[in-house]
Amino acid sequence: MEIRPFEKKVWLSSPTMHGEELKYITEAYETNWMSTVGANINEVERITCEKVGCKYAVALSAGTAALHMAVKLAGVRRGDKVFCSDMTFDATVNPVVYEGGVPVFIDTERDTWNMDPVALEKAFEIYPEVKVVVIAHLYGVPGKVDEIGEICDRYGAVIVEDAAESLGATYKGAQTGTFGKYNCISFNGNKIITGSSGGMLLTDDKDAADKVRKWSTQARENAPWYQHEELGYNYRMSNVIAGVVRGQYGHLEEHIAQKKAIYMRYKEGFKGLPVMMNPYDEENSEPNFWLSCLLIDTEAMCRQVRGEREALYISEPGKSCPTEILEKLAEYNAEGRPIWKPMHMQPIYRMNGFVTREGNGRARTNAYIAGESLDVGMDIFERGLCLPSDNKMTVGEQDVVMEIVRRCFE
Ligand SMILES: *Cc1c(COP(=O)(O)O)cnc(C)c1O
């Protein structure tokens, strides 16, 4: 097979517009609801409740804003330790710090690449006082919510669920975004559906939803003038952005089906290579397949060394590494990405606690040494990568992407 660089870049995950978005944006314009109030906002909140199966949804400017509100609702105060998913985007944990909380990271399990309930149990033995647990569903794959829920119930802890990457994914038939007390979704530009930006706080608690409506609009009291008794935020979603989200919602299932087809083609196409796809619980869950990822077998890893800013590798016949594959993809004008670097390996969080199945742990080194036992998050980061997963990628383009990867192992 002869392969040439793509003329049009193949993206990791880019927005896919359908036309209805423009109609609702135009409606906002023509009715002059160019504000954080309007029909699009009301409608996307209604649609979200219906789709996800929650009682209340509050449209906000970003998923990060929704997480901030969730952390506030959960009652995190200065100095409180909060258990957080470790292998996630930093927006999952930063809001804990906005409130003065101290994230303690929980290592990852190998079945879904999410928070390990065994490590979480260990963490509660070490820090029984913790009252809030923030969980994410990495790349749209639901985590072990039953096990985590049971542990949190036992320790009287509240779950904040970050479903930013997993809108539309289900676990035992229920949508992600319904497992925590306070939950969040995102409409960032690279998510499964997008508003160009935006997010939502989801909950079944009316009081909580009302508080977020108030806090996110500068916490105005009911008075003839600007009256303030609490700290406010300017976090409400724009009615224009809501128009984009409204137009996208009808295409959520279609996007998921396209992403799933991409994942399945990769899975089939990589048979025979020393790699596996990011795993999920096939019996109990249906991911939204937002990003397709690859994990290279330990024996098939060539030497790769990562500093804080750069990576080097030594090419070897029959072996490869994420750095080599990502470089080759870039050469051919396709966008991949390293696995989200675990939070416990991030310089900003280097002093925070980190709990593995074995108890307390820290990252020892950034150099990958084959066979060395690493914590799970670090191991997946070393051997894994996100593949081009754009729903507009054609079968032909995907074949070329797979051929590029195959050649790395020659
Ligand atoms: C995208 C993302 C967020 C943040 O959402 P924004 O809308 O970009 O603020 C939070 N958590 C995870 C896991 C994400 O992927």
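Modeller: Axes here are lines fitted to C-alpha atoms, for helices over the stretch in contact, and angles run from 0 to 180 degrees between N-to-C directions. The model is a predicted one. Helix H10 (residues 322–331) packs against helix H12 (residues 395–408) at about 140 degrees, and their axes are 10 Å apart.

Colleague: Why are H10 and H12 called oblique to each other?

Modeller: Their angle is about 140 degrees. An angle has to be over 145 degrees to count as roughly antiparallel, and 65 to 115 is the range for roughly perpendicular. The pair fits neither description and is therefore oblique. The crossing of H10 and H12 is right-handed.

Colleague: Which residues of H10 and H12 meet?

Modeller: On H10 they are Glu-324, Ile-325, Lys-328 and Leu-329, and on H12 they are Val-401, Ile-404, Val-405 and Cys-408. By class, this contact has six nonpolar, no polar and two charged residues. Cys counts as nonpolar, whereas Glu and Lys count as charged.

Colleague: What makes H1 and H8 roughly antiparallel?

Modeller: Helix H1 (residues 20–30) and helix H8 (residues 239–249) have axes 7 Å apart and an angle of about 150 degrees. The cut-off for roughly antiparallel is over 145 degrees, so H1 and H8 receive that name. H1 passes H8 in a right-handed crossing. In the contact, Glu-20, Glu-21, Tyr-24, Ile-25, Glu-27 and Ala-28 of H1 face Asn-239, Val-240, Gly-243, Val-244, Arg-246, Gly-247 and Gln-248 of H8. These residues divide into five nonpolar, four polar and four charged, with Gly counted as polar.

Colleague: Why is H3 described as oblique to H7?

Modeller: The axes of H3 (residues 63–73) and H7 (residues 206–215) come within 11 Å and cross at roughly 125 degrees. This makes H3 oblique to H7, because the angle is above the 65 to 115 range and not over 145. Their crossing is right-handed. Met-69, Lys-72 and Leu-73 of H3 make the contact with Ala-208, Lys-211, Val-212 and Trp-215 of H7. The residues of this contact are five nonpolar, no polar and two charged.

Colleague: How do you know that Asp-162 has a polar contact with the ligand?

Modeller: A polar side-chain atom of Asp-162 is 2.6 Å from a nitrogen atom of the ligand, and the cut-off for a pair of N or O atoms is within 3.5 Å. Asn-188 also meets this cut-off, with a polar side-chain atom 2.7 Å from a ligand oxygen atom. For Lys-191, a side-chain N or O atom lies 3.3 Å from an oxygen atom of the ligand, and that too is a polar contact.

Colleague: Which of the 15 residues around the ligand come nearest?

Modeller: They are Thr-64, Asp-162, Glu-165, Ser-186 and Lys-191.

Methods: Residues are numbered from 1 along each chain as its sequence is written. This is a predicted model: local features need pLDDT of at least 70, side-chain atom pairs count only at pLDDT 80 or more; totals for chains, interfaces and linings use all residues. Side-chain values use heavy atoms; hydrogens and water are left out. Helices (H or I, at least four residues) and strands (E, at least two) are DSSP runs, numbered from the N terminus. Angles under 35 degrees count as roughly parallel, over 145 as roughly antiparallel, 65 to 115 as roughly perpendicular and the rest as oblique. A crossing is left-handed if the near helix is turned anticlockwise from the far one by less than a right angle, and right-handed if clockwise. Contact means heavy atoms within 4.5 Å. A residue is near a molecule or strand if one of its heavy atoms lies within 4 Å of it. A polar contact is a pair of N or O atoms within 3.5 Å; within protein, one must be able to donate a hydrogen and the other to accept it, and residues adjacent in sequence count only if both atoms are side-chain atoms.
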